[in-house]
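Subject: A structure for you to look at

Hello,

I am handing over the structure we talked about, and the sequence comes with it. Have a look first, and then read on for what turned up.

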Amino acid sequence: MLEIILGIGACVVMAKVASADDQSGVLWFFVTFALCIGALFIPLPFIRMLIAGIVAFVAMVGYKVMTNR
């Protein structure tokens, strides 16, 4: 149950960060949601949601760097 809350929290935080950075919050919400679903196959409880959030944040930073070139 707590992992579901952590996953939804990560999705909401990424959407807020994206909207503050003038990017699509809905797009990054669903990207993070997909990463959280994919992270369910990692056998580390609670850490897998943290990994999904970090991967989503790194993807957002990477996307921002690539579009500014």
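Is Gly-53 buried or exposed? Gly-53 is buried, with a relative accessible area of 18%, because anything under 20% counts as buried. Gly-53 is found in helix α3. The C-alpha atom of Gly-53 is separated by 9.4 Å from that of Leu-6, although the two residues are 47 apart along the chain. I will come back to that pair below.

Please keep in mind that this is a predicted model.

**The overall picture**

The protein chain has three helices and zero strands, so from the N terminus on you will meet the elements in the order α-α-α. The radius of gyration is 12 Å, close to the 11 Å that the globule rule gives for 69 residues, so the chain is as compact as a globular protein of that length. The C-alpha trace spans about 40 × 20 × 15 Å along its principal axes. Of the 69 residues, 28% count as buried. If you take the contacts with a separation of 6 or more, residues 24 or more positions apart account for 53% of them.

**How the helices pack**

Let us start with α1 (2–20) and α2 (residues 25–39). Their axes come within 8 Å and cross at roughly 150°, which means that α1 is roughly antiparallel to α2. The crossing is right-handed. On the α1 side, the contact is made by Gly-7, Ala-10, Cys-11, Val-12, Met-14, Ala-15, Ala-18 and Ser-19, and on the α2 side by Gly-25, Trp-28, Phe-29, Thr-32, Phe-33 and Cys-36. By class, these residues divide into 10 nonpolar, four polar and no charged.

Next come α2 and α3 (residues 47–67), whose axes come within 9 Å and cross at roughly 140°. That makes α2 oblique to α3, because only an angle over 145 degrees would count as roughly antiparallel. This crossing is right-handed too. From α2, Trp-28, Thr-32, Leu-35, Cys-36 and Ala-39 take part; they meet Arg-48, Met-49, Ala-52, Val-55, Ala-56, Ala-59, Met-60 and Tyr-63 of α3. The contact of α2 with α3 has 11 nonpolar residues, one polar and one charged.

What is the angle between α1 and α3? These two helices pack at about 15°, with their axes 9 Å apart, and that makes α1 roughly parallel to α3. Here again α1 passes α3 in a right-handed crossing. The residues that meet are Glu-3, Leu-6, Gly-7, Met-14, Val-17 and Ala-18 in α1 and Arg-48, Met-49, Gly-53, Ala-56, Phe-57 and Met-60 in α3. You will see that Leu-6 and Gly-53, the pair from the start of this note, are both among them. The residues of this contact divide into eight nonpolar, two polar and two charged.

A few residues turn up in more than one place. Trp-28, for example, belongs to the α2 side of the contact with α1 and also to the α2 side of the contact with α3. Likewise, Met-60 of α3 is listed in the contact with α2 and in the contact with α1.

**Residues in the loops**

The loop between α1 and α2 holds two residues worth finding. Where does Gln-23 lie? Gln-23 lies in that loop between α1 and α2, and Gln-23 is buried, with a relative accessible area of 14%. Not counting residues up to four places away in sequence, Gln-23 touches Ala-18, Trp-28, Met-60, Tyr-63 and Lys-64.

Asp-22 is in the loop between α1 and α2 as well, but Asp-22 counts as exposed, at 74% relative accessibility. Most residues other than glycine have a negative phi. Asp-22, however, has a positive phi of about 60° although it is not a glycine.

Phe-46, in the loop between α2 and α3, also has a positive phi, near 70°, without being a glycine. Phe-46 is partly exposed, with a relative accessible area of 41%.

That is what I have for you. Enjoy looking around!

Best wishes

Conventions. Residues numbered from 1 in each chain as written. Predicted model: local features only at pLDDT ≥ 70, side-chain atom pairs only at ≥ 80, totals over all residues. Heavy atoms only, no water. Axes fitted to C-alpha atoms, helices over the stretch in contact; angles between N-to-C directions. Helix = DSSP H or I, 4+ residues; strand = E, 2+ residues; numbered from the N terminus. Parallel < 35°, antiparallel > 145°, perpendicular 65-115°, else oblique. Left-handed = near helix turned anticlockwise from the far one by under 90°. Contact = heavy atoms within 4.5 Å. Nonpolar A, V, L, I, M, F, W, Y, C, P; charged D, E, K, R; others polar. Rg over C-alpha atoms; globule rule 2.2 N^0.38 Å. Buried < 20%, exposed > 50% of the residue type's maximum accessible area, 1.4 Å probe, protein only.
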